[in-house]
Amino acid sequence: MHMKADYLYGFHPVREGLRGRRLPLELFVADGVVNERVQKLLDLAAERGVPVRRRQKADLDRLAGQPHHQGVVLSIEPFTYTDLDDLFGVWRNSARPAFFLLLDGITDPHNFGAILRNADAAGCHGVGVAKDRSCPVTNVVDKASAGAAEHLPVCQVTNLGRAIEQIKAAGIWVYGLSGDGGGKPLYDEKLTGDVALVIGAEGEGLRLLTRKLCDGLLAIPMAGQVASLNAASASAVALFEVVRQRRTIPKS
């Protein structure tokens, strides 16, 4: 097979790779590894007609780029990003209020993966990232997301500012999460309508231009001695505050 491939590793990412929207090409399983979890992967591979090959652990280490792969590696077609119009389509087809997450300069793959996992769990329609100021979706990101990257639409935009303006033009309110205490307490803002949350990089927070483009800034109230949460933890708090508020809307 001459197609360029990505390699997912670890039980959860491989399972989601076999169930996700990308085309799985071949499942590699370490020689001698037999257990219930691996059997489930073999069954999934059989369902989707994915060939399986036993390989030595050293081969899997090389394919995964590291030794912590739990004895399973999946070759899969390269990750494809969704464009902004398609993200809007996902939202409009869902019959739910818009719920997007935008990332302003998240460069750590483990943080990025954890944020994708949070966004998927919260039921986000999709995540937008700036092409030049964030890490791409790699197998490390996929592993950190526990395979959420195989289901959640991720949009790579050339210019985050322009994307925010397009999102606002679609009637969606854009709120920046401010880590420096400047902003309305998160819990005091009504987030039941069409919303997009913007999270900035560790330490630096949101860029000035991004802050200016937001409709409002929100802050997570802090009671301790440490000034802020890391980006992944902050994203979980903010995303699930949206979930909480939407659950309490009386059903008409």
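**Helix α9 and its surroundings**

Me: Is Asn111 buried or exposed?
Reply: This is a predicted model. Asn111 has a relative accessible area of 12%. Buried means under 20%. So Asn111 counts as buried.

Me: Which helix holds Asn111?
Reply: Beyond four places in sequence, Asn111 touches Ile106, Glu202, Asn230 and Ala232. Asn111 also belongs to a group of residues that meet α9. The helix that holds Asn111 is α5.

Me: What is the distance between the end C-alpha atoms of helix α9?
Reply: Helix α9 runs over residues 231-247, which makes 17 residues. At 1.5 Å a residue, the expected span is 24 Å. The model agrees, because the end C-alpha atoms are apart by 24 Å.

Me: Which residue caps the N-terminal end of α9?
Reply: Look for a side-chain oxygen by the backbone nitrogen of Ala232. The two atoms lie 3.1 Å apart. That oxygen belongs to Asn230.

Me: Which elements do the buried residues of α9 pack against?
Reply: The buried residues of α9 include Ala231, Ser235, Leu239 and Val242. Their partners are one helix and three strands. These are α5 (109-122), β5 (99-104), β8 (173-177) and β10 (195-200).

Me: Are α5 and α9 roughly parallel or roughly antiparallel?
Reply: The axes of α5 and α9 come within 9 Å and cross at roughly 10 degrees. Among the residues that meet are Ala114, Ile115 and Ala119 in α5, and Ser235, Leu239 and Val243 in α9. Angles under 35 degrees count as roughly parallel. α5 and α9 are therefore roughly parallel.

Me: Which residues touch the most other members of the largest nonpolar core?
Reply: This core has 34 residues. Elements giving two or more residues to this core are β5, α5, β6 (126-130), β8, β10 and α9. α9 gives the most, with six residues. The residues with the most core partners are Leu101, Leu103 and Phe112.

Me: How many residues make up the second, separate core?
Reply: In the first core, Phe112 has contacts that include Leu103, Ile106, Val129 and Val141, leaving aside neighbours within four places in sequence. The second core is separate and includes Leu160, Ile164, Val198 and Leu213. Its number of residues is 21.

Me: Which side chain makes a polar contact of 2.6 Å with Glu150?
Reply: Glu150 lies in the loop between α6 (139-144) and β7 (154-157). Glu150 is buried, with a relative accessible area of 2%. Beyond four places in sequence, Glu150 has contacts that include Leu8, Glu16, Arg22, Ile76 and Asp142. The polar contact joins Glu150 to the side chain of Arg22.

Me: How far apart are the C-alpha atoms of Asp85 and Cys155?
Reply: Asp85 is in helix α4 (residues 84-94). At 57% relative accessible area, Asp85 is exposed. Along the chain, Asp85 and Cys155 are 70 residues apart. Their C-alpha atoms are separated by 9.6 Å.

Me: Where does Gln70 lie?
Reply: Gln70 is not a glycine, although its phi is positive at about 60 degrees. Gln70 is partly exposed, with a relative accessible area of 45%. Its place is the loop between α3 (57-64) and β4 (72-76).

Me: Does Ala95 count as buried or exposed?
Reply: Ala95 lies in the loop between α4 and β5. Ala95 has a positive phi of about 60 degrees although it is not a glycine. Its relative accessibility is 75%. Over 50% counts as exposed, so Ala95 is exposed.

Key
Residues numbered from 1 in each chain as written. Predicted model: local features only at pLDDT ≥ 70, side-chain atom pairs only at ≥ 80, totals over all residues. Heavy atoms only, no water. Helix = DSSP H or I, 4+ residues; strand = E, 2+ residues; numbered from the N terminus. Buried < 20%, exposed > 50% of the residue type's maximum accessible area, 1.4 Å probe, protein only. Polar contact = N/O pair within 3.5 Å; in protein donor to acceptor, adjacent residues only side chain to side chain. Contact = heavy atoms within 4.5 Å. Expected span 1.5 Å × (residues − 1). Core = buried A, V, L, I, M, F, W, Y, C linked by side-chain atoms within 4.5 Å. Axes fitted to C-alpha atoms, helices over the stretch in contact; angles between N-to-C directions. Parallel < 35°, antiparallel > 145°, perpendicular 65-115°, else oblique.
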